[in-house]
Amino acid sequence: MTGGRILVVEDNEKNMKLFRDVLQATGYATLEASTGEDAVELAVAHSPALVLMDVQLPGIDGVEALGLLRADGRTESIPVLALTAQAMQGDRERFLDAGFDGYISKPVDVADFLQTVGAYVSHD
Amino acid sequence: MAHPEVLEAPSAPHRRAVFGRLRDRLSGVVARAPASVRTKLLVAFLAIAALLVVVSVLGLRELGQANARVERLDALQLRSAKYQAIEATAEDLQQTLGVRTAGTKSLTPYTGGVTLPDRGRIWTLADLQIRDVLSQIELADDQYDLAVIGFVPPPADERVLRRIFTDWLTISRVVSRIQQLDKRSAHGGGETRPLLNTARVAGDDLQARAFDLASRAGSETKALVAANRSADASSRNLLIGVSIVSVLFALGLGLVLSWSLVGPIQRTETRLAEISAGDFTRRLDVPNRDELGSLARNVNRMNDELSRLYGELETTNRHKSEFLANMSHELRTPLNAIIGFSQVLRQRLFGAVNEKQEEYLDDILSSGNHLLSLINDVLDLSKVEAGQVELEIADFSLREALERGVVMVRERAAQNGVHLSLELSPEIDLVSGDERRLRQVVFNLLSNAVKFTPRGGSVAVATERTGGEAQISVTDTGPGIAPGDQERIFEEFQQTDVGVGQREGTGLGLALSRRLVELHGGRIWVESEPGHGSRFVFTMPLARARS
């Protein structure tokens, strides 16, 4: 079974490279956005199977972008995971309360990261 | 048609409201008086003292008047008695004159009922009797004399008294004449009869006037007694009235004064309680122009200053929080790439790595993880120091919390060949605290113990109840800690030589543990002897027994 694509939203180039390479090496197809606005546009255009959303972004932040995705009928049912370096006490609860489907803190453990993603999307 | 409730008496709350307004107005007047509390108290005291003096003076005056009334009555009673005596004697005189005029038979009273032969002697005795009775009217000897009367009669009485004296004088002269006649003739001759008539006419007049005087004095006495009684009653009423008014005035004065003092004190106290609870939004309104007013102004100034400082503190704290959050984020972002790429290579996602490369990758990974622990611990410690760690205090099962803590190090212990055991006191059930933070402390102690205990050793977690606290200990069979290090290791970035040699740990775990235990109101310490292992102990408050 072929899974959909994964939209990675990340403004740090090196981290983007890491996630993209790891996902692609594991067999996922990826879409990339470095701003919240681009993320929403790509999500509407390509209906990815999963969105990995950084929170601290230039322009609108990840939480606002999530709100836009949820407000749009075409994207409202796409699962969105927060992928963030905001990992202080209480942050996990804060993001889950904000409506994210899951939470992955940076720095990620690659194995855990792939396991979490795999729970949402199957790959080739 | 009137509504029924319009006809009803004012309800209790309404009366209270009216009373409250009256109280506020009166105490407001006193409060706004520009004088110190001491002056106000002094004035009130003096007013009450003055009132006492007024009541006393009034009482003395009334007492004096009552005495004067009694004296007047005494004088009147004396006069009245005198008049009555004159009246009685006048009656006797009339009787003796009547007997003398009537003749023989009537004279028997003077002879014990025996008719004596010598009638002339009997007349003489009768006349002597008349003279004797006459002398009992003590008005004068031979002329009218007030000194003989013994008091000064009022003018109206005096006119009558003079008339009585004239009558008396007439009778006295007549009796003298008759007595001369008695000596000359042996029997009561015809010459005496007209003289006796003259005496009797004068005696009638005297008696009538004496009766008039006595009855006038009698009714005067009655009137004076009645007047005195009513004067006594009204002076008594006046005194009672003035006393009641004084007491009410003193009470009212005291009440108003105390309202004007107690009200502001109560308001100040309430406001201070609010300020200490962190409410700076309201101001204290005290109208007093005395010490209490100045107290209120100072409370308001303190409120404003505290409010300003509190605002600054909040801003500073917010900046500090933001700084910590930003730092955490900024440090984690590059670490993500460092750890992530190392893991990718280590897992050979993009091809083979040789042995040396794998070793270096492990070094990068462990250094990266170490750095991550440091970041976490530093941030945790900063938050504790900034007072930004808020404990989520709840009652929880100590047993379950410790079991979870043990699970977290079980794998590591197994790898190191260290035996882990849990010996829980059945005396302890629930403790009160932040479970997550307690687990953090337990995990720190356990991972240290497991780390430093050589293969084949053991680590034991035990609990014990001491007083109102739960004591949790982690005992290992590791190398032990030198006495000189036993305090130091709880400070930031301080490790034993053994710890430094391990090249593991941030040197912050025990410092953080100590802060967290102290935040719970507990203590943490270590008992150790080099070569004989270590025993780390900390205390937690027990959950309050539910009733």
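This is a short walk through a predicted model with chains A and B, starting with the sheet in chain A.

Okay, so let's start with that sheet. Chain A has 5 strands in an open sheet, and the order across it is β2-β1-β3-β4-β5, with parallel pairing. If you want to find the edges, look for β2(A), residues 30-33, and β5(A), residues 102-105, since each of those pairs on one side only. From one strand to the next the twist averages 20°. As a quick reminder, strands in a sheet pair through backbone hydrogen bonds, and that can be parallel or antiparallel.

Let's go to the β2 end. Strands β1(A) and β2(A) are joined in the parallel sense by 4 bridges. One pair to click on is V8(A), whose bridge partner in β2(A) is E32(A). Now, what about the two faces of β1(A): are they covered or not? They're both covered: I6(A) and V8(A) are buried on one side, and L7(A) and V9(A) are buried on the other. That goes with the usual pattern, where side chains in a regular strand alternate between the two faces of the sheet.

Over at the other end, β4(A), residues 80-84, pairs with β5(A), again parallel and over 4 bridges. Here the pair to look at is T84(A) with S105(A) in β5(A). Helix α4(A), residues 91-98, lies across β4 and β5 of chain A and runs at about 145° to β5(A). Then there's α5(A), residues 110-120, which packs on the sheet and touches β1, β3, β4 and β5 of chain A. The direction of α5(A) makes about 145° with that of β3(A).

While we're here, check the loop between β5 and α5 of chain A, because that's the place of P107(A). The peptide bond going from K106(A) into P107(A) is cis, with omega near 0°.

Next up, helix α2(A), residues 36-46. Which of its residues are buried? Those would be G36(A), A39(A), V40(A) and A43(A). They cover an arc of only 95° around the axis, so they sit on the same side of α2(A). Remember that an α-helix has 3.6 residues a turn, so residues three or four places apart point the same way. What do those buried residues pack against? They pack against β1, β2 and α3 of chain A, with α3(A) being residues 62-71. Swing round to the other side of α2(A) and you'll see E41(A) and A45(A), which are exposed.

Right after α2(A) comes S47(A), in the loop between α2 and β3 of chain A. Its phi is near 40°, a positive value in a residue that isn't glycine. S47(A) is partly exposed, at 45% relative accessible area.

Chain B has a residue of that kind to show you too. R348(B) has a phi near 55°, also positive and also not a glycine. You'll find R348(B) in the loop between α9 (291-346) and α10 (355-385) of chain B, and it's partly exposed, with a relative accessible area of 35%.

Last stop, the second largest pocket. It holds about 330 Å³ of space, and 17 residues line it. Nearest its centre are D24(B), S27(B), W259(B), G263(B) and R267(B). Which helix gives the largest share of the lining? That's α8(B), with 8 residues. Helices α2(B), residues 12-32, and α8(B), residues 192-276, each supply at least two lining residues.

Technical notes:
Residues are numbered from 1 along each chain as its sequence is written. Chains are lettered from A and ligands numbered from 1 in the order in which they are written. This is a predicted model: local features need pLDDT of at least 70, side-chain atom pairs count only at pLDDT 80 or more; totals for chains, interfaces and linings use all residues. Side-chain values use heavy atoms; hydrogens and water are left out. Two strands pair if DSSP finds at least two bridges between them. Axes are lines fitted to C-alpha atoms, for helices over the stretch in contact, and angles run from 0 to 180 degrees between N-to-C directions. Contact means heavy atoms within 4.5 Å. Buried means under 20% relative accessible area, exposed over 50%, partly exposed in between (1.4 Å probe, protein chains only). The arc is that of the directions from the helix axis to the C-beta atoms. On a 1 Å grid over the protein atoms alone, a cavity is a set of points where a 1.4 Å probe fits but cannot get out, and a pocket is an open set with protein on both sides within 12 Å along at least five of seven lines; lining residues have an atom within 4 Å of a point. Grid points are joined across faces, edges and corners, and a volume is the space filled by probe spheres set on the points.
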